[in-house]
Amino acid sequence: MPSIKQMFENNRNWSERVRKETPGYLESISYDQRPEILWIGCSDSRVGPDQLIGLPMGSVFVHRNVANIFATNDLNCLAVLEYAVDELKVPNIVVCGHYGCGGVKAALEHSGVQPVDLWLDQVRFVYNRYTKELNMLSPVERANRLAELNVESQVHNICRNTIVREAWKRGQKVNVIGVIYDIHDGLLRQLGTEYSSQEVWETSYGEAFSG
Ligand SMILES: [Zn+2]
């Protein structure tokens, strides 16, 4: 397992390699950032976006927490969204959940301790909305399906937020999508629609919650 000593050693090797293989690269990205994606993902150590999507440094603005939640009353989430949309003008927002999520499992089992258990209430809200569908599944399937529904719910939390709505209103390009990652094969799958405007979101949200 990597140690702190190893961390510094790896960093020195990496820095040396990058400066040797692509001279001027680190200098070139040191002035500014123009990320293409705001990534909202789980803190799980196996689902870091840098490896999963293989984009160069400066491409992805990242926010991660337990169970990839966008809580509308959480200052951290709101500050990240505001900075990404209003300041950096990031055109794509991706909420990424994953199968086998310990946070989702803990939400179902009430196995966490404070404050994580309190944080996971956000996932239980989603469970409560889909109890009938979820309770027909085996425990593993239930947790995986809840991971998908949780992603879609967080996508809606972002779309209904005034930061995104105001951006859409002024004609700023903001696409919001949900994806789920499978640790077993390393692949991402899109969940639901890509929301690119207030109209697209309202239509889809209305359909999803009308029946
Ligand atoms: Zn997770």
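This is a short walk through a predicted model, one selection at a time.

**Stop 1: the sheet**

Start by selecting the five strands that form an open sheet, and colour them in the order S2-S1-S3-S4-S5. The pairing in this sheet is mixed. Which strands stand at the edges? They are S2 and S5 (187–195), and each has a single partner strand, so one side of each is left without a neighbour in the sheet. If you look along the sheet, neighbouring strands are turned by 20 degrees against each other on average, with direction ignored.

**Stop 2: strand S1 and its two partners**

Now select residues 37–42, which make up strand S1. Is S1 mostly covered or mostly uncovered? It is mostly covered, with six of its six residues buried.

Add residues 60–65, strand S2, to the view: S1 and S2 pair in the parallel sense over six bridges. To find one place where the two strands face each other, pick Cys42, which stands opposite Asn65 in S2.

Then bring in residues 92–98, strand S3. Here too the sense is parallel, and S1 and S3 are joined over five bridges. For a landmark, click on Leu38 and look for its bridge partner in S3, which is Ile93.

**Stop 3: the hairpin of S4 and S5**

Move on to residues 175–182, strand S4, and show S5 beside it. This pair runs in the antiparallel sense, over six bridges. Two facing pairs are handy to label: Ile180 stands opposite Arg189 in S5, and Gly178 stands opposite Leu191 in S5. Between the strands of this hairpin there are four residues. Zoom in on Gly186 in the hairpin, where phi takes a positive value near 75 degrees.

**Stop 4: helix H9 on the sheet**

Next, select residues 139–159, helix H9. Which strands does H9 touch as it packs on the sheet? The contacts are with S1, S3, S4 and S5. The direction of H9 makes about 160 degrees with that of S4.

Keep H9 on screen and add residues 121–129, helix H7. The axes of H7 and H9 are 9 Å apart, and the two helices pack at an angle of about 105 degrees. H7 and H9 are therefore roughly perpendicular to each other. To see the contact, show side chains for Val123, Val126, Tyr127 and Arg129 in H7, which meet Arg142, Leu146, Leu149, Asn150, Ser153 and Gln154 in H9. By class, the residues of this contact divide into five nonpolar, three polar and two charged.

Pause on Ser153, found in helix H9. With a relative accessibility of 8%, Ser153 counts as buried. Leaving aside residues up to four places away in sequence, Ser153 touches Val126 and Arg129. Try a distance label from Ser153 to Ile69 as well: these residues are 84 apart in sequence, and their C-alpha atoms are 8.9 Å apart in space.

**Stop 5: helices H4 and H10**

Hide H7 and H9 for a moment, then select residues 75–87, helix H4, together with residues 162–169, helix H10. Their axes come within 9 Å and cross at roughly 15 degrees. H4 and H10 are therefore roughly parallel to each other, and their crossing is right-handed.

Which residues of H4 meet H10? Select Leu78, Leu81, Glu82, Val85 and Asp86, which meet Ile163, Val164 and Ala167 in H10. Six nonpolar, no polar and two charged residues make up this contact of H4 with H10.

**Stop 6: two loop residues on either side of H4**

Finish with the loops that join H4 to the strands. In the loop between S2 and H4, click on Asn68. Asn68 has a positive phi of about 40 degrees, although it is not a glycine. Is Asn68 buried or exposed? At 2% relative accessibility, Asn68 counts as buried.

The other residue to click on is Lys89, in the loop between H4 and S3. Lys89 is likewise a residue other than glycine with a positive phi, near 55 degrees. Show the surface around Lys89, and you will be looking at a residue that is partly exposed, with a relative accessible area of 46%.

Terms used
Residues numbered from 1 in each chain as written. Predicted model: local features only at pLDDT ≥ 70, side-chain atom pairs only at ≥ 80, totals over all residues. Heavy atoms only, no water. Axes fitted to C-alpha atoms, helices over the stretch in contact; angles between N-to-C directions. Parallel < 35°, antiparallel > 145°, perpendicular 65-115°, else oblique. Left-handed = near helix turned anticlockwise from the far one by under 90°. Contact = heavy atoms within 4.5 Å. Nonpolar A, V, L, I, M, F, W, Y, C, P; charged D, E, K, R; others polar. Buried < 20%, exposed > 50% of the residue type's maximum accessible area, 1.4 Å probe, protein only. Pairing = 2+ DSSP bridges.
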